[in-house]
Amino acid sequence: MSKEAYVPRNPNEIHTDVLSEARQACYKARDAFYACLEKESEKKPTEIASVGLLYPSECKASRAKFVKLCRGSWVNHFDRQYCRNRRVHRLLDDKDSRRGPLVLPQPYTFKPTTTSNTS
């Protein structure tokens, strides 16, 4: 790859979406969207976001604001992070309803087999 690929096209251009105020606005929009998801969690999801995240139509406005104020790569990252955290919480909070019983291997399971040499 050439070095030109890493050089900004316009070195004087300021990327406003990575400045502190824009990041804070992005975080607020993100938090508002995920709070809406938690609040409306009992409703049937009808909209689809990135990485397969489903959400109810009541959260459509907060999702639009979240997508508008954050970079696309950040939106994908936050969606993946949210889905991963939800999956972990669901597995931990299920009170053994989805998990099988915990069975540890017994000592006799791994006994070496002896071969008999009959001559």
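I ran a search over the whole structure, a predicted model, and got two disulfides.

**Cys26 and Cys70**

I looked at the Cys26–Cys70 link to begin with: the S to S distance comes out at 1.9 Å. I then checked where the two ends sit. Cys26 is in helix H1 (residues 20–39), while Cys70 is in the loop between helix H2 (60–69) and H3, so this disulfide links distant parts of the chain, 44 residues apart. About the S-S bond I read 115°, and the link of Cys26 and Cys70 is right-handed. Cys26 and Cys70 are both buried.

**Cys36 and Cys59**

Next I pulled up Cys36 and Cys59, whose sulfur atoms are 2.1 Å apart in their disulfide. This pair also links distant parts of the chain, with Cys36 in helix H1 and Cys59 in the loop between strand S2 (54–55) and H2, 23 residues apart. Which hand does this one have? The torsion about the S-S bond is about -95°, so it is left-handed. For burial I looked up each end: Cys36 has 12% relative accessibility and counts as buried, and Cys59 counts as buried at 0%.

I also noted the pairing. With the bonded cysteines numbered in sequence order, it reads 1-4, 2-3.

**Arginine patch**

Last, I turned to the surface charges. Which residues form the positive surface patch? I found Arg80, Arg84, Arg87 and Arg90 there. I picked out Arg90 for a check: it lies in helix H3 (residues 72–93). Its relative accessible area is 40%, so I wrote Arg90 down as partly exposed.

Methods: Residues are numbered from 1 along each chain as its sequence is written. This is a predicted model: local features need pLDDT of at least 70, side-chain atom pairs count only at pLDDT 80 or more; totals for chains, interfaces and linings use all residues. Side-chain values use heavy atoms; hydrogens and water are left out. Patches are made of residues with over 30% relative accessible area and no salt bridge: like charges are joined within 9 Å, nonpolar side chains (Val, Leu, Ile, Met, Phe, Trp, Tyr) within 5 Å. Accessible areas come from the Shrake-Rupley method with a 1.4 Å probe; for residues, only the protein chains shown count as cover. A salt bridge is a side-chain nitrogen of Lys or Arg within 4 Å of a carboxyl oxygen of Asp or Glu. Lys and Arg count as positive and Asp and Glu as negative; His and the chain ends are not counted. The place of a charge is taken as NZ of Lys, CZ of Arg, CG of Asp or CD of Glu. Helices (H or I, at least four residues) and strands (E, at least two) are DSSP runs, numbered from the N terminus. Buried means under 20% relative accessible area, exposed over 50%, partly exposed in between (1.4 Å probe, protein chains only). A disulfide is a pair of cysteine sulfur atoms within 2.5 Å.
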